[in-house]
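Here are a few short exercises to work through with the model open beside you. Try each task before reading its solution.

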Amino acid sequence: MAEVKVKQESPDPVKIENRIKELCQQFPHGITDQVIQNDMPLLEAQQRAMAINRLLSLGQLDLLRNSSGLLYRMKDAQTASKMKGSDNQEKLVYQVIEDAGNKGIWSRDIRYKSNLPLTEINKILKNLESKKLIKAVKSVAASKKKVYMLYNLQPDRSVTGGAWYSDQDFESEFVEVLNQQCFKFLQSKAEVARDSKQSPMVQRNSSFATSHEVWKYICELGISKVDLSMEDIETILNTLIYDGKVEMTIIAAKEGTVGSVDGQMKLYRGVNPIIQPTGLVKAPCGLCPVFDDCHEGGEISPSNCVYIAEWLEF
Amino acid sequence: MHQPNPTSCNNILSRKPCFAQMTAQEVRLCGLLLKEHFGEVVEKIGTHLLRGGAQNLRTIANETNTPLDLVKKSLCVLVQHGVCSFGSGRRGPGSPVEYQANCERVLRILRYPRYIYSAKTLYGDTGELIVEEVLQRGHMTMSNTVKTVADRLTHNMEEGRSMEYSEVVSAFSKLVETHFLQRCFTVDEAAPAAPSATPLSHGTQAAPASVAAPTAESNPDCYKLPPVTLIGRGKRRRSSDDAEEPRGGKKAKMDSESCGDEGIYWQMNFERFHQHFRDQAIISAVASKLDQTSSEIVRTMLRMSEVTTTPTAAYTQPLSANEIFRSLPPNYSISRPILDQYLSLLVDDPMEFVGRSGDSGGGIYVVNLHRALVNLARATLESVVQERFGSRSARIFRLLLRKRHLEQKQVEDFAMIPAKEAKDMLYTLLSENLVHLQEIPKTPDHAPSRTFYLYTVNQLPTARLLLQHCYKTVANLIERRLFETKENKRLLEKSQRIEAILASLQASGAEPEQLTEVEEMITAPERQQLEALRHHINKLDSTENQVDETIFLLESYICSTKTK
């Protein structure tokens, strides 16, 4: 009897690739080498590796690494089409930028991550920008620094500076206006409370305003073109505290009451200063810019001081 | 008989020479004050003592090149006013007596107007004159004070009326009861041969001090009135008779023999006045921060603990709410629950004026004196920064006071000031030493790129710095005032001569034409100049008093941190 040779038919590479793709679709989080091996135990490691490499180069598979090893994931069809015209390097750069999310990434960091020379990077970046796949956003921290992010992403607050910056310029007048408005609101509330002539406890409690109330008031005033969140209003109220015009207390509030954050509410109240401007500043010497240079018998001295002379004429 | 002065903050009556640390500004200011009040000779001796610490008589005379008797007289004046004290020398008893000047005491001279004004508000004109006399003379007996004040008051009254001694005595005793006046304590040992008495004072003699140096307070009779009764009325001083006679001369000697209290001398208790000023500052701070009723409650609490709390205590005596309720002034009729509400509001206030220390008797409350002084000093510092550098710099300053240490970026973010301006303001404040930079290196080589730079404000050193600024400012104002007077000396002398001529003409009954002729000797522009000069001098004077208020707050704060 002749031995029947079982011809080991080499599996079709396309079929392997399709099978791998199906597996990827089955497990959208990604599949490991182990999974492919379990599914196709007859497949040799070399053929498996070849199939995976082909899929990778075709841009249909994403190679990721996690704590236990390598992961292969199905690439989004749409993005796959986008990158059709680009070569590997561009794809690499694009991936790096994508990973940076909405904080953006600096060109030098791209270079570190992709190990590509500077000229290449610049060319690729220009290319990607013209294809409208990425955009450059100026960071507010360092005005010369440009960070790159995907075209359709909103830049993060730390890059644009949030509500207080418009086009990299700090809007000081806007902040000033808000400052004054908040103070006026709190002051009038305190006055109303004082005139109400009720018992002192009630008076004091009614002179407080929660940050939520102030926020609502400012929104209704409509002086802001940008939407302001409650945290923004709280930063403005903090500057009022540093101006010495407002004081703050924190009370415990039930979860769910309007304006409470983590079971607490911040209350603000307008206050008066505890002393009048102090005596030293009523003398010209208290405000004198050349105070340290002034000596009797010197060029600047009390006897010939112009500031004192002017002040005496008042 | 002679009395050394009681100790104040710097202990000067120690047997070891104590070189009080004095800055150049303080010495300059002291010199100006001494010259204005006591003359150039005393100023020379006084500044020499201030600069050089404790010295004996010979050294002073040699180093200042003044004749010995002038030195003795100046020392008498200084000791009489409590500026200078004496003690046995470095080499133990038997070595020449050493004299030491007290800088703080000289700086008190600046505050005399404020003391006199407080006495006036508290005890009327009589109190004002009593305080004025005691301040002018340094030490006085009660009988002498009463007589002088009665005479002065009588002089200002209408013809035919005069001032009863008993009224003055009652004002005097009130001042003693509330501890504004205190006795100087006497020296027990008899003095060796001493220089002759000057006509001005009551026969001062240099004598070695007793071994242990007690304060005036440790004397149990410190606030006991002498058991003499003074009966009489003030005498109106006729311009014809004893106008030329010196006040404390033969006449005074005769009178003090007839009363029973020679040797019992009284002096101002400055600490008590300072306590009063401090209470006033706290009450007005509460009034502006909260409201009038709260400030009345705090005033009541402070009044109740006036004589029971030591001046340097950090808290008043604990007071129960019941006691406070009973002691409220009658025109402030608030109900008990309302009082409790006010008290709890005072306790909750972030400034912490009042603290709650127990629950018995309806709640035990104390006034936090130290905390109040800290807050007042802080407000003073903030006010100076605000007026000098603007409200945004003040914002940065307050921010740093609250948050202690911040980086440059954090300062910009919290204060919401654009980076460039914030940097500029921080550097200005840094150059004026109001803000300090703290370096925290990440690496041992302190490389600037790897170091944290934190801005911080320290309240106490900044307060000391501003205090020195205040001293310099007052000295500047005094010098300017003296300069203005000197510039217009000729004009002032002329106007004085004219006035004297006018007065004598009027007294001898002259024609109106003659008077106008004399008046016209001063031309109109000269009159204007005189008017302007008067205005300048008044302005400078009043500003000195205002700066002194700042000095008081800062000094009290620094003192209270020392003893804490």
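The expected span of a helix is 1.5 Å times one less than its number of residues. Keep that rule at hand for the first two exercises, and remember throughout that this is a predicted model.

**Exercise 1. A helix in chain B**

Task: Compare the end-to-end reach of helix 7 of chain B with the expected value, then find out which of its residues are buried.

Solution:
- Step 1. Helix 7 of chain B covers residues 142-156, which makes 15 residues.
- Step 2. From the first C-alpha to the last, helix 7 of chain B reaches 21 Å, close to the expected 21 Å.
- Step 3. Buried means under 20% relative accessible area. In helix 7 of chain B, 11 of the 15 residues are buried, so the helix is largely enclosed by the rest of the structure.
- Step 4. On the buried list are B:Met142, B:Ser143, B:Asn144, B:Thr145, B:Val146, B:Lys147, B:Thr148, B:Val149 and B:Ala150, together with B:Leu153 and B:Thr154.

**Exercise 2. A helix in chain A and what follows it**

Task: Repeat the span check for helix 9 of chain A, then look at the backbone just after this helix.

Solution:
- Step 1. Helix 9 of chain A runs over residues 172-195 and has 24 residues, which should span 34 Å at 1.5 Å a residue.
- Step 2. The end C-alpha atoms of helix 9 of chain A are 34 Å apart, which agrees.
- Step 3. The buried residues of helix 9 of chain A include A:Phe174, A:Phe183, A:Phe185, A:Cys182 and A:Ala193.
- Step 4. Just after helix 9 of chain A comes A:Lys197, with a positive phi of about 55°.
- Step 5. Now move to A:Gln203 in helix 10 (residues 200-206) of chain A. A:Gln203 has a relative accessible area of 16% and is buried.
- Step 6. Beyond its neighbours within four places in sequence, A:Gln203 is in contact with A:Ala193, A:Arg194, A:Ser196, A:Lys197 and A:Gln198. Two residues already met, A:Ala193 and A:Lys197, are among these contacts.

**Exercise 3. The three-stranded sheet of chain A**

Task: Work out the strand order of the open sheet in chain A and say which strands form its edges.

Solution:
- Step 1. Strand 9 (residues 209-210) and strand 11 of chain A run antiparallel and are joined by 2 bridges.
- Step 2. Strand 10 (residues 246-252) of chain A also pairs with strand 11 of chain A in the antiparallel sense, over 7 bridges.
- Step 3. The order is therefore 9-11-10, in an open sheet of 3 strands with antiparallel pairing.- Step 4. Strand 9 and strand 10 of chain A are the edge strands, since each pairs on one side only.
- Step 5. Check the register: A:Tyr268 in strand 11 of chain A has A:Ala209 opposite and also A:Met248 opposite. A:Ile250 stands opposite A:Lys266 in strand 11 of chain A.
- Step 6. Of the 7 residues of strand 11 (residues 264-270) of chain A, 5 are buried, so this strand is largely enclosed by the rest of the structure.

**Exercise 4. The sheet of chain B**

Task: What is the strand order of the open sheet of 3 strands in chain B?

Solution:
- Step 1. Strand 4 and strand 6 (residues 265-268) of chain B pair in the antiparallel sense over 2 bridges.
- Step 2. Within this pairing, B:Met140 stands opposite B:Trp266 in strand 6 of chain B.
- Step 3. The order is 4-6-5, with antiparallel pairing. The edge strands are strand 4 (140-141) and strand 5 (181-183) of chain B, each pairing on one side only.

**Exercise 5. Inside and outside**

Task: Decide whether B:Thr300 is buried or exposed, and place A:Ile223 on the same scale.

Solution:
- Step 1. B:Thr300 lies in helix 11 (residues 292-304) of chain B. Its relative accessible area is 1%, and B:Thr300 is buried.
- Step 2. Leaving aside neighbours within four places in sequence, B:Thr300 is in contact with B:Ile324, B:Ser327, B:Leu328 and B:Pro329. The C-alpha atoms of B:Thr300 and B:Arg326 are separated by 10.0 Å, with their positions 26 residues apart along the chain.
- Step 3. A:Ile223 sits in the loop between helix 11 (211-221) and helix 12 (230-242) of chain A. With 33% relative accessibility, A:Ile223 counts as partly exposed.
- Step 4. Together with A:Val177 and A:Leu221, A:Ile223 makes a nonpolar surface patch of about 200 Å².
- Step 5. For chain A as a whole, buried residues make up 38% of the 314 residues. The accessible surface of chain A is about 19100 Å², and 51% of that belongs to carbon and sulfur atoms.

Definitions and conventions: Residues are numbered from 1 along each chain as its sequence is written. Chains are lettered from A and ligands numbered from 1 in the order in which they are written. This is a predicted model: local features need pLDDT of at least 70, side-chain atom pairs count only at pLDDT 80 or more; totals for chains, interfaces and linings use all residues. Side-chain values use heavy atoms; hydrogens and water are left out. Buried means under 20% relative accessible area, exposed over 50%, partly exposed in between (1.4 Å probe, protein chains only). Helices (H or I, at least four residues) and strands (E, at least two) are DSSP runs, numbered from the N terminus. Accessible areas come from the Shrake-Rupley method with a 1.4 Å probe; for residues, only the protein chains shown count as cover. Patches are made of residues with over 30% relative accessible area and no salt bridge: like charges are joined within 9 Å, nonpolar side chains (Val, Leu, Ile, Met, Phe, Trp, Tyr) within 5 Å. A salt bridge is a side-chain nitrogen of Lys or Arg within 4 Å of a carboxyl oxygen of Asp or Glu. Contact means heavy atoms within 4.5 Å.
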